[in-house]
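User: I would like to learn how helices and their packing are read from a model. Could we work through some features together?

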Amino acid sequence: MYCGYRALTLWTGPVEAQGGGHMDELTGKVAVVTGAASGIGQGMAEAFLDAGMRVVLSDIEVDALHSTTAELQGNGADVHAVIADVSAPDDVTELAEATLEKYGAVHVLCNNAGVHAGGRPSWDSTLDDWEWILGVNLMGVVHGHSIFLPIMIEQDEPAHIVNTASLAALVGGSSLYGATKAAVVALSETIHHELVGGGFKPRISVLCPGLVATNIFDSERNRPTRYAETGPRPAGWDIDAARTAFALGTSPRTIGEQVVQAIHEERFYVLTHPEWNGHIEHRMKQILNGDNPTQLPPPDM
């Protein structure tokens, strides 16, 4: 096992220098963004439009998607809306088909749709909690890769995938949500090696934002009825305080601009809140030292 992994490492290294072809020019290119009706997804879509791209906006929330699409079109943007539940592979297939029918290609895919299943301890979470959040946060990313990446490879031109993970994947502190986002980071790293090692042109980034002004804590509004059984809220849980904290976070548009820059730079890790870098370093040192995990207090904002 160790020798096999070492061989893989030695094999992928030299190919790295070949590069996949930077996407220096985004004008006229096509981006697909899931979870695009609000929050980070909308922020990325707006940043892509400012860069001259055409954007397919996808979301499960019908009214919000139509509202965002109408607003952007009213400002002259070339956008197209597709309703999709990323946890359903057939929906993601239809999203890809609609993109190709409308624009004929896809150059940037943002697997961004995500939900939060509450702050309860893992043992108080129901299987419905787990199946819902895994279906969206992890399998939604898997479906995006399995359906869109072969298209992007076949196009044989520079392309880029952006997977939205979270700072929670790197510093811990959130059971269900953190588990799904840590899986997204690990999956993204593996796909990076596969693309580089295989000499394919698409590249990939993983977005790990901290506090952003989104409505992620109101994810229950889009929870399917088939996942109705929820665990109890933890004692002292204050959803209003969480909403207030997130409302004061970084603007989604700022995150979108950082994503555009990362695509230009062909940069894998997109860390949007440098004030948390010491916390990431703290965790990495604990792993290397074999120490039991501890958490530092949040940085001064």
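User: Which residue just after helix 5 takes a positive phi?

Analyst: Please note beforehand that this is a predicted model. The residue is Asp156, which follows helix 5 and has a phi of about 55°.

User: What is found at the start of helix 5?

Analyst: There one may look for a side chain that approaches the backbone. In this model, a side-chain oxygen of Thr126 comes to within 3.3 Å of the backbone nitrogen of Asp128.

User: How far apart are the end C-alpha atoms of helix 5, and what span should its residues give?

Analyst: The expected span follows from the number of residues. Helix 5 covers residues 127-155, and at 1.5 Å a residue its 29 residues should span 42 Å; the end C-alpha atoms lie 40 Å apart, which agrees.

User: Where does helix 5 bend?

Analyst: A bend is read as an angle between axes on either side of a residue. For helix 5, the bend is about 40° and is located at Met139.

User: How is helix 7 placed against helix 5, and at what angle do they pack?

Analyst: Angles under 35 degrees count as roughly parallel. Helix 7, residues 175-197, packs with helix 5 at about 15°, and their axes are 9 Å apart. The two helices are therefore roughly parallel to each other. Their crossing is right-handed. Residues of helix 5 in this contact include Trp130, Leu138 and Leu149, and those of helix 7 include Tyr177, Val184 and Leu195.

User: At what angle do helix 4 and helix 5 pack?

Analyst: Helix 4, residues 89-103, packs with helix 5 at an angle of about 30°, with the axes 9 Å apart. Helix 4 is therefore roughly parallel to helix 5. The contact involves residues of helix 4, among them Pro89, Val92 and Leu100, and residues of helix 5, among them His143, Phe148 and Ile151. Helix 4 passes helix 5 in a right-handed crossing.

User: At what angle do helix 2 and helix 9 cross?

Analyst: The axes of helix 2 (residues 39-50) and helix 9 (residues 252-265) cross at roughly 55° and come within 7 Å. These helices are therefore oblique to each other. The crossing is right-handed. Gly39, Gly43 and Phe48 are among the helix 2 residues that meet helix 9, whose contacting residues include Pro252, Gly256 and Ile263.

Methods: Residues are numbered from 1 along each chain as its sequence is written. This is a predicted model: local features need pLDDT of at least 70, side-chain atom pairs count only at pLDDT 80 or more; totals for chains, interfaces and linings use all residues. Side-chain values use heavy atoms; hydrogens and water are left out. Helices (H or I, at least four residues) and strands (E, at least two) are DSSP runs, numbered from the N terminus. The expected span of a helix is 1.5 Å times one less than its number of residues. The bend at a residue is the angle between axes fitted to the seven residues ending there and the seven starting there. A polar contact is a pair of N or O atoms within 3.5 Å; within protein, one must be able to donate a hydrogen and the other to accept it, and residues adjacent in sequence count only if both atoms are side-chain atoms. Axes are lines fitted to C-alpha atoms, for helices over the stretch in contact, and angles run from 0 to 180 degrees between N-to-C directions. Angles under 35 degrees count as roughly parallel, over 145 as roughly antiparallel, 65 to 115 as roughly perpendicular and the rest as oblique. A crossing is left-handed if the near helix is turned anticlockwise from the far one by less than a right angle, and right-handed if clockwise. Contact means heavy atoms within 4.5 Å.
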